[in-house]
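Biologist: I have a model on screen and some questions about its layout. Can you take me through it?

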Amino acid sequence: MKVCVIGVGYVGLITGVCLAEIGHNVICVDNIDGKIEKLKNGISPIYEPDLERFIKKNLKSGNISFINDIKSGVENSEIILISVGTPSLSNGQADLTYVENVATEVGKYINNEKVIVNKSTVPIGSGDWVSKIISESIEKNNSNKNIKFSIVSNPEFLREGSALGDTFFPERIIIGSSSKKAIKKMLELYKPLIDQSFDWPSDIPRLLPEGKNIPVVISDLASAEMTKYASNSFLATKISFVNEIANICEKVGADIKKVTEGMGLDSRIGPKFLNAGIGWGGSCLPKDVSALAYTAREYGLTPEILNAIVSVNKNQKNEIVKRVQDELKIVKGKTIAVLGIAFKPDTDDVRESPAISIMNSLIHLDASIKAYDPIVKERPKSLNEKVTLCKDAYEAIRDADLLILATEWKEFKHIDYSKIKNLMAHNIIIDGRNLFDKEKLQSLGFKYIGIGR
Ligand SMILES: NC(=O)c1ccc[n+]([C@@H]2O[C@H](COP(=O)([O-])OP(=O)(O)OC[C@H]3O[C@@H](n4cnc5c(N)ncnc54)[C@H](O)[C@@H]3O)[C@@H](O)[C@H]2O)c1
């Protein structure tokens, strides 16, 4: 099938690559020329394990192309996926400017019957709203006023860092539409994924057996849109809940790692998303929780649980800063090493990263911060310019009075404890992700502070 993906970010690029790999003809459109140039040359603008190899392969086979000309993308496809960003406005509402711009352009250039798919995470009701924008644009800008189109909501659930695996081997596919014809097209588009019948490189583990059937939930537009917000809000709730339990553990002398091990064995709870830490961040959970809370308020509801998880999350980051103050007393002039800048491992995404929020707070207390991340090498715009970026973990740790582990990258798990003991001025570690071996560090003479243990 001929597919156009508009917005080549984390979601658009990975979806485009996946659809090309399973045999479709995919045109990826973005309005950042530098991004398109890189992609044309097989260079990925984002970090995601194995992604570049799939980009190169599909460029070579001709299954994927990257352009900045939305007109050509729209005209030459039967299915159009919109995957532009939907960031938060200051009041928590989702900013739909990018979606609106794309919908207007689609209306302008649509030349025959098409299925328009919202892959961006959009507030409930956006499917109808996008339909209205396209219709108005057709009326205003298109010479053919009778062109038909249908709208589908197909929310994305990939996780940065394991995005390829999540896309090729999804746990479920959600398709919301009032058009039976559009739903049929979507089922055709995803057939190789639904029945896991695509070829897969032999040197990368196949996460699901060939022929396994992936559940597909078909619904109306609003239910599909709500499924995405409800899922992300539930995940954030799980983390905030466990962080609250961790804080209680700390007071009563319990170990959150043992507690969550016991909790996770209950199949009604499950072991995932039960890691206590410095809080959730990233490009999705914060904005999606805010947007759902905003929607609830629009309808006169008070989203008590959503409000509480946001507040617990904010507090969790503040608690780390307080712990630093408790340990160092005078923070001014002290050197603090921070390992990890990305909001989680295996991604270069720094949006709403708790590590950045903590570093900025400590800079305001006049600490001297040295930070290192295995992938984030350029200073994120949101990071205070006084933070020194280091080329490796040991450079960041040298002469530090205190070390904060902020992102649980694999390479930090294997850090040389004796070496860091010798490098640090004072041996205090705040393990913000409960990654390190507490007993071993304590036996070496470190003061170890974990989360809830
Ligand atoms: N990142 C994730 O892990 C993730 C997971 C699930 C869902 N989502 C949702 O998917 C959507 C996209 O997220 P993302 O992280 O991929 O965003 P992103 O910011 O990484 O990418 C968006 C892309 O859209 C492009 N764009 C904006 N306006 C455009 C236009 N008019 N024409 C062409 N291109 C345009 C931007 O240049 C950018 O490259 C969001 O709604 C997000 O909530 C993201």
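Biologist: Into which domains is the protein divided?

Modeller: First, this is a predicted model: local features need pLDDT of at least 70, side-chain atom pairs count only at pLDDT 80 or more, and totals for chains, interfaces and linings use all residues. Residues are numbered from 1 along each chain as its sequence is written. Domain bounds come from an automatic or database domain assignment. The division is into domain 1 (2-219) and domain 2 (235-449).

Biologist: How many residues does the contact take from domain 1 and from domain 2?

Modeller: The centres of the two domains, taken over C-alpha atoms, are separated by 33 Å. Two residues are in contact if their C-beta atoms, placed from the backbone, lie within 7 Å. On that basis, domain 1 gives 15 residues and domain 2 gives 15 residues.

Biologist: Where does the largest nonpolar core lie, and why?

Modeller: A nonpolar core is a set of buried Ala, Val, Leu, Ile, Met, Phe, Trp, Tyr and Cys residues joined through C-beta atoms within 7 Å. Buried means 20 or more other C-beta atoms within 10 Å of a residue's own, with C-beta atoms placed from the backbone; exposed means 12 or fewer, and partly exposed is in between. The largest core has 81 residues, and V5 and C28 are among those touching the most other members. Domain 1 (2-219) and domain 2 (235-449) both contribute residues, so this core lies between them.

Biologist: In what order do the six strands of the open sheet run?

Modeller: Strands (E, at least two residues) and helices (H or I, at least four) are DSSP runs, numbered from the N terminus. Two strands pair if DSSP finds at least two bridges between them. Pairing in this sheet is parallel, and β9 and β10 share five bridges. The order is β11-β10-β9-β12-β13-β14.

Biologist: Which residue is the bridge partner of I336 in β10?

Modeller: I336 also belongs to a second, separate core of 46 residues, which includes A367, F436 and I449. Its bridge partner in β10 is I369.

Biologist: At about what angle does α14 run to β10?

Modeller: In α14 (residues 354-364), the buried residues include P354, I358 and L362. The buried residues of α14 pack against α13, β9, β10 and β12. Axes are lines fitted to C-alpha atoms, for helices over the stretch in contact, and angles run from 0 to 180 degrees between N-to-C directions. α14 lies across β9, β10 and β12, and its angle to β10 is about 160°.
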